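Here is my note on the model, point by point. Please read it with the structure open.

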Protein chains: 4
Amino acid sequence: MGALGDRMGMVLIEAGPQRVVITMPVAGNTQPYGLLHGGANAVLVEQAGSIGAAMHAGPDHLVVGLDITCTHHRGVRDGIVTAVAEPLSLGRTVTSYEVRITDDEGRLVCTGRLTCLIRPVTPT
Amino acid sequence: MGALGDRMGMVLIEAGPQRVVITMPVAGNTQPYGLLHGGANAVLVEQAGSIGAAMHAGPDHLVVGLDITCTHHRGVRDGIVTAVAEPLSLGRTVTSYEVRITDDEGRLVCTGRLTCLIRPVTPT
Amino acid sequence: MGALGDRMGMVLIEAGPQRVVITMPVAGNTQPYGLLHGGANAVLVEQAGSIGAAMHAGPDHLVVGLDITCTHHRGVRDGIVTAVAEPLSLGRTVTSYEVRITDDEGRLVCTGRLTCLIRPVTPT
Amino acid sequence: MGALGDRMGMVLIEAGPQRVVITMPVAGNTQPYGLLHGGANAVLVEQAGSIGAAMHAGPDHLVVGLDITCTHHRGVRDGIVTAVAEPLSLGRTVTSYEVRITDDEGRLVCTGRLTCLIRPVTPT
């Protein structure tokens, strides 16, 4: 999951270009009021959307995040949140994923969208 | 800085409603390719914009992040990044901050915008 | 539909807090290359999400658009596009709608999200 | 300005990759409450950012809008609004512009950001 994903306790549950599922604990990922940090949701959106994009692009290509947007719907104080990413469009140079994050009771916490650019791996 | 900000090594350099400055190391906050995680930029945007909003709102009010958007301009492999948040609008119920993140050489890494809602603290 | 919606040929097909549907012709709403203007999609997102928010809020309240985001998935050269808005969250002070715009063949053209603030109507 | 820009009364005041300025009247571009339509701001952001991107890309390339985000700061009832677009990053395949829209008194009405993809013109 990379250094930040590991540090935040992310667990990859499912991975493929059509669907990526990641879980993350609230504990340790909170802001000063003790709620899940809005930015933690954004990391989840980037992580889930990038994994989907990378699996769509294949091993000969890199994916680069361009734009991320998140709308926060509700605070979460504890438990685990689950992100589900599904593609909006999968092209040869650009991917767009929608990511929905829910809490332990299935309530929508955050909705995000990630646009990635696909680039060929250039040998060094 | 809250649990997530501490875990990510954020340091608050300057704080006020007109300007918030935070630094963060790249190491430990990377994605699988070893570059600064795009979501780490988003955490910085949320953190910096929320601190500004909270200082504008004052101690009798809470601020809640509503919408965050980030555009990633360049990858960063090491060193420290610096986020500077400045207000676009400061109202009685809504704030909007723009946050620019630069690398050690002053190059623009990410531009973000955070909208927060201001709510009265309701006694429990 | 207001002056801009009328000028752009928008037709309200369905309206309620749980679902708003609006159609719009491509002709007359194009950019210099002759494709549907990306901003025309954004007007649709604002229009559809605001109507849903206003119907949720009721006649004693005004709704004010705060944040809009759109990702463009494909160009459209002619025909009619259809926007469908559905709520992500409906609160007492904030609403969030997702809007999907498709072309005549049902292909996804644009995905947008609109956050609105609900304010009481204050007598003048 | 293309069909939509012409219909909305946009006037191009200045154009170059480092700065694009466009004006637009409020009249005719309003939503049902009689205020400037939030989507009209988004059309301005797309128009100004795309013109800058096209001038950066040059005549052998097309630019395609990918992501647009706008935060609305204040309502406008009449007069003219002015959009100023300036680049955040100008690459070989991606551009990012920030656009600030002000009213007749210079007050900030809307802040937007547009990401465009640059594509080679392919002969038909």
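1. Helices (H or I, at least four residues) and strands (E, at least two) are DSSP runs, numbered from the N terminus. By that count, D:Gly58 comes just after helix 2 of chain D and takes a positive phi of about 85 degrees.

2. This is a predicted model: local features need pLDDT of at least 70, side-chain atom pairs count only at pLDDT 80 or more, and totals for chains, interfaces and linings use all residues. Residues are numbered from 1 along each chain as its sequence is written, while chains are lettered from A and ligands numbered from 1 in the order in which they are written.

3. Start with helix 2 of chain D, residues 38–57. The helix has 20 residues and reaches 29 Å from its first C-alpha to its last. That is close to the 28 Å expected at 1.5 Å a residue (the expected span is 1.5 Å times one less than the number of residues). Helix 2 of chain D is mostly covered, with 19 of its 20 residues buried. Buried means 20 or more other C-beta atoms within 10 Å of the residue's own, with C-beta atoms placed from the backbone.

4. Next, the interface of chains A and B. Here 28 residues of chain A are in contact with 28 residues of chain B (contact: C-beta atoms, placed from the backbone, within 7 Å). On the chain A side, helix 1 (2–7), helix 2 (38–57) and strand 3 (61–72) each give two or more residues. Strand 3 of chain A provides the largest share, nine residues. By class, the chain A side has 11 nonpolar, 14 polar and three charged residues. Ala, Val, Leu, Ile, Met, Phe, Trp, Tyr, Cys and Pro count as nonpolar, Asp, Glu, Lys and Arg as charged, and the others, Gly among them, as polar.

5. How are chains A and B related? A turn of 180 degrees, with a shift of 0.0 Å along the axis, lays chain A on chain B with an RMSD of 0.0 Å. In chain A, the C-alpha nearest the axis belongs to A:Thr69, 2.1 Å from it. Both copies use the same surface: 100% of the contact residues of chain A recur in chain B. Superposition is by least squares on the C-alpha atoms of residues with pLDDT of at least 70 in both copies.

6. The sheet runs through this interface. Strand 3 of chain A and strand 3 of chain B pair in the antiparallel sense over five bridges (pairing needs at least two DSSP bridges). A:Asp67 stands opposite B:Thr71. In total, 12 strands form an open sheet with antiparallel pairing. Its edges are strand 1 (11–14) of chain A and strand 1 (11–14) of chain B. Within chain A, eight bridges join strand 4 (80–90) to strand 5 (94–102). There A:Ala83 stands opposite A:Ile101.

7. Chains D and A also touch. The contact takes seven residues from each of the two chains. Strand 3 (61–72) and strand 6 (108–120) of chain D each supply at least two residues of the chain D side. The largest share there, three residues, comes from strand 3 of chain D.

8. Which rotation superposes chain D on chain A? It is 180 degrees, with 0.0 Å of shift along its axis and an RMSD of 0.0 Å. The two copies are therefore related as by a two-fold rotation axis. In chain D, the C-alpha of D:Asp67 is nearest the axis, 3.5 Å from it.

Notes:
A residue is buried if 20 or more other C-beta atoms lie within 10 Å of its own, exposed if 12 or fewer, and partly exposed in between; C-beta atoms are placed from the backbone.
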